[in-house]
Amino acid sequence: MNESIHLKTTNNVSRLKAKNITLGYQGTLITQSLSIDIPDAKFTVIIGPNGCGKSTLLRGLSRLLTPSEGCITFDDKDLESYSRRSLAKQLGLLPQSAIAPSGITVYDLVARGRFPHQTFLRRWTQQDETAVSNAVSATQIEPLLDKTVESLSGGQRQRVWVAMVLAQETPYLLLDEPTTYLDISHQIELLELFKRLNQKEARTVVAVLHDLNHACRYADHLVVMKSGKVIAEGTPKNTVSKSLIKEVYGLDCIVVDDPLTKTPMIVPEPQSE
């Protein structure tokens with residue numbers, strides 16, 4: 001484990017918490033009086049229909065969006081009390097639809113993940129180079145390093161953004177739809193990577209996912225949202241049911257055991273004509 005990643009792995013501890021938060025944009029409320037504790041050193045997946053507040057919650061947890069009511073804390077300190085640099089050493093965020101500066105190369109974008117570790121007195125070091133190299137290797141983007149980000153396909157770009165977040169080497173990874181634009185093979189590769197980081201390095205992973213079966217397979221802790229509220233949370237096996245999927249998504253289905261992992265697998269029922 002890289003010694004630059006400072007982890008606290010006490011059982012049943014939550015370092016990142018939201019209490020009675022209200023979040024919204026330009027006067028439009030998305031969540032109201034929402035409270036959630038993110039389990040430390042676990043893989044948490046947030047699911048729910050479009051517009052339910054999943055991405056908004058993640059933006060709040062990363063301080064991209066400030067609650068109009070309530071508070072979000074990290075190690076029992078309000079997020080607003082942290083400097084941008086000190087928080088960026090703890091929380092790494094992969095947002096939706098990130099935009100790279102025009103003309104920037106893949107290597108230079110990934111290297112930007114090291115900016116929180118740079119100061120006037122501390123310039124680029126071998127530790128930084130190693131972090132970038134490890135991130136590049138983990139996301140398998142070696143052939144892309146000299147290309148400009150804007151010249152890449154959507155799937156390639158997404159892997160580059162993931163590499164940048166990994167290069168940041170934070171104990172918390174906040175991932176908003178990290179498998180967007182990726183084919184099924186690369187989706188599984190990334191989810192397996194995040195699971196390894198969680199299990200072998202005790203990194204806390206929080207991901208918004210749309211694929212319910214991926215969520216059930218990889219999550220230790222599942223958070224189910226609807227209309228700006230958390231309506232269920234817990235292990236996938238204790239949370240997912242036919243009635244819950246119907247309530248949240250309006251989808252008739254059956255829930256069976258995944259034949260490989262024994263986690264819940266949602267099978268939609270045929271739509272009647």
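**Close-up views of a predicted model**

**View 1. The open sheet, strand by strand.** Six strands make up an open sheet, and reading across it gives the order S6-S7-S8-S3-S9-S10, with mixed pairing. The edges belong to strand S6 (91–94) and strand S10 (229–234), each of which pairs on one side only. On average, neighbouring strands of this sheet are turned by 15° against each other, direction ignored. Keep in mind while browsing that this is a predicted model.

**View 2. S7 next to S8.** Here we zoom in on one pair from the sheet: strand S7 (residues 172–176) and strand S8 (residues 204–208). The two pair in the parallel sense, over five bridges. If you'd like one bridge to look for, try Asp-176, whose partner in S8 is Val-208. As a general point, side chains in a regular strand alternate between the two faces of the sheet.

**View 3. Two helices lying across the strands.** Helix H1 (residues 54–61) lies across strand S3 (43–47), S6, S7, S8 and strand S9 (221–226). Its direction is at about 150° to S7. Helix H5 (residues 154–167) lies across S6 and S7, and runs at about 175° to S6.

**View 4. The hairpin of S1 and S2.** Strand S1 (residues 16–25) and strand S2 (residues 28–38) pair in the antiparallel sense, with seven bridges between them. Along the pair, Ala-18 of the model stands opposite Ile-36 in S2. Two residues sit between the strands of this hairpin, and Gln-26 takes a positive phi near 50°.

**View 5. The largest pocket.** This pocket has a volume of about 740 Å³. Its lining is made up of 24 residues. Nearest the centre you'll find Leu-64, Arg-84, Ala-88, Leu-93 and Gln-168. Helix H2 (84–88), S6 and H5 each supply at least two residues of the lining. S6 also turns up in the first view, as an edge strand of the sheet, and H5 in the third, lying across S6 and S7.

**View 6. Thr-179 and its surroundings.** Thr-179 has its place in the loop between S7 and helix H6 (184–201). Loop or not, Thr-179 counts as buried, because its relative accessibility is 14%, under the 20% cut-off. Leaving aside neighbours within four places in sequence, Thr-179 is in contact with Gln-158, Gln-187, Leu-191 and Leu-209.

**View 7. Gly-155, over in helix H5.** Gly-155 is found in helix H5. Gly-155 is buried too, because its relative accessible area is 14%, again under 20%. Not counting residues up to four places away in sequence, Gly-155 touches Tyr-181 and Leu-182. Thr-179, from the previous view, is 24 residues from Gly-155 along the chain, and the C-alpha atoms of the two are separated by 8.4 Å.

**View 8. Cysteines without a disulfide.** The structure holds zero disulfides. Take Cys-52: the nearest cysteine sulfur, that of Cys-216, is 15 Å away. Cys-52 is in no disulfide, because a disulfide needs the two sulfur atoms within 2.5 Å. Is Cys-52 buried or exposed? Cys-52 is buried, with a relative accessible area of 2%. Cys-71 is partly exposed, and its relative accessible area is 29%.

Terms used
Residues numbered from 1 in each chain as written. Predicted model: local features only at pLDDT ≥ 70, side-chain atom pairs only at ≥ 80, totals over all residues. Heavy atoms only, no water. Pairing = 2+ DSSP bridges. Helix = DSSP H or I, 4+ residues; strand = E, 2+ residues; numbered from the N terminus. Axes fitted to C-alpha atoms, helices over the stretch in contact; angles between N-to-C directions. Contact = heavy atoms within 4.5 Å. Buried < 20%, exposed > 50% of the residue type's maximum accessible area, 1.4 Å probe, protein only. 1 Å grid on protein atoms, 1.4 Å probe; cavity = no way out; pocket = protein on both sides within 12 Å on 5 of 7 lines; lining within 4 Å. Points joined across faces, edges and corners; volume = space filled by probe spheres on them.
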